[in-house]
Amino acid sequence: MQRAVRSPHSPTRGRRTRRTVLTWTAAAVMAVATLGACGSGGPGEESAGDLEVWVYQDASTAVQRKAVERFNETSDIKAKLVEVPGEGYQDKMRSAMGTPNAPDVFFNWGGGSISDFVAKDMLVDLTPVLEKDSKLKQAFVPSILDSGRVEGRYYGTPMRGMQPVVLFHNKEVFDKAGAEPPTSWQDLLDLVDTFKDEGVTPFALAGSDAWTELMWLEYLLDRTGGDEVFRRIQDGDSGAWDDPAVLKAAGLVRELVDRGAFGTNYKSVNYTADGASTLFAKGRAAMHLMGSWEYSNQKANQPEFAEKGLGWSTFPEVPGGTGDPANVVGNPTNYWSVNSRVTGERREAALEFLRLAGTDWYAEQLVDNGDVPATAGAEKLLGKHSAPEYARFQYTMVTDAPAFTLSWDQALPSRQAAPMLDNIQKLFNGQLEPQAFVDAMKAGK
């Protein structure tokens, strides 16, 4: 989820793989070697002039194919798209970097997904490019462009649609209960009680997949303490886990669980096999906090519900919280980064390829593909979207957001993200009390 947009067969498969914290394996190394042996070698291996561009293979790859074709029409240095199967994209990317099989330009999620490469000077610092080329910088929604930074510097530019986390609701279930989407925390708690009385699980939750629970903590921390608390954590301040807002957010999670917000079987419900989404669409759950791709998921699997029964709103504010209720969490978008080994004319060509993603033409291709572009001014194109009202909601939600916090499991290096997801699942399952959760995160365990 996230992290990429949609797989060819399932709207959720690509995102789930992206959300998984992946490790380096011998199998991944062999996969990259095989990829190179099949005619998709790294810089200098097949043609010194070609730019090898790696992309996560899913339904949105159609847009990147068109971009490569358009770029090659006018560029003397050609781009060659390598579509890497989503199941092991991060493993292959990590294993390839620093080897002859490394890509010249590659798809990523910004933040923690590339921080190790930044630390080893493997990526081109795009900050001077964006400072010099104001047209390119202003082409993107500022909060989305900034969300891909590492240590305050730009190492990637947006190249896919935005993916905020949205609070969805089942219109039929709400109408039957005479309810409205929550605008405050008390509203949300009252709805939990209302739907329990109706015999409906208040919130669908795929508790067997820890990343779905992460979304709750992301919003609760943001609303409680503002986006700066996690920004400190992302910047390497482990002491920020001791911020009072973290303990409060963890306590609110336990309050929801104990109140029955997620029912009693959430621990065994999955997302990848459409478990939570089906419960939601069938009216057995009233609400679902999920990435914006939930619409596409429902459209593919429960099309009538997607068209007539799916509602959406923003996450409510928390009483006493200092976070701006307009802030957004999720995956701002995906990014193109450039290998620092690409130099001279080839680097200039690579930068020209990145600029293509900031054009109206590229935004139109994304809209045609069902995505909501991360470019400024794209709102005028959304009337052509397959779900214009929903697309406009997303676009306004993101462009009005003072801050867009990258999903924590993508913002943090895998060595931190893996234990964090484990601790969050334990918090939801009652295996860690809120203070124990804080202590575990401070200790990096």
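**A helix across the sheet, and two nonpolar cores**

In this predicted model, helix H3 (residues 61-74) lies across strand S1 (51-57), S2 and S10, and its direction makes an angle of about 165° with that of S2. The strands it crosses belong to an open sheet of 5 strands, arranged in the order S2-S1-S3-S10-S4 with mixed pairing. Strand S2 (79-85) and strand S4 (157-158) stand at the edges; each has a single partner strand, so one side of each is left without a neighbour in the sheet. For S4, 2 bridges provide the link to strand S10 (residues 335-338), and the two run antiparallel. Within this pairing, Pro158 has Tyr335 of S10 as its bridge partner.

It helps to place this sheet in the whole protein chain, which has 22 helices and 11 strands. Of its 445 residues, 60% are buried. Among contacts between residues at least 6 apart in sequence, 77% join residues at least 24 apart. The chain exposes about 16900 Å², with carbon and sulfur atoms supplying 48% of that area.

Turning to the interior, nonpolar side chains tend to be buried together in soluble globular proteins. Here the largest nonpolar core holds 96 residues, and Trp216 and Phe262 touch the most other members. Helix H11 (residues 210-225) contributes the largest share of this core, 9 residues. Beyond its neighbours within four places in sequence, Phe262 is in contact with Thr201, Phe203, Leu205, Trp216, Leu256, Val257 and Phe428. Another core, of 52 residues, lies apart from the largest one; Ala96, Leu126, Val150 and Leu356 are among its members.

Technical notes
Residues are numbered from 1 along each chain as its sequence is written. This is a predicted model: local features need pLDDT of at least 70, side-chain atom pairs count only at pLDDT 80 or more; totals for chains, interfaces and linings use all residues. Side-chain values use heavy atoms; hydrogens and water are left out. Helices (H or I, at least four residues) and strands (E, at least two) are DSSP runs, numbered from the N terminus. Buried means under 20% relative accessible area, exposed over 50%, partly exposed in between (1.4 Å probe, protein chains only). Contact means heavy atoms within 4.5 Å. Accessible areas come from the Shrake-Rupley method with a 1.4 Å probe; for residues, only the protein chains shown count as cover. Two strands pair if DSSP finds at least two bridges between them. Axes are lines fitted to C-alpha atoms, for helices over the stretch in contact, and angles run from 0 to 180 degrees between N-to-C directions. A nonpolar core is a set of buried Ala, Val, Leu, Ile, Met, Phe, Trp, Tyr and Cys residues joined through side-chain atoms within 4.5 Å.
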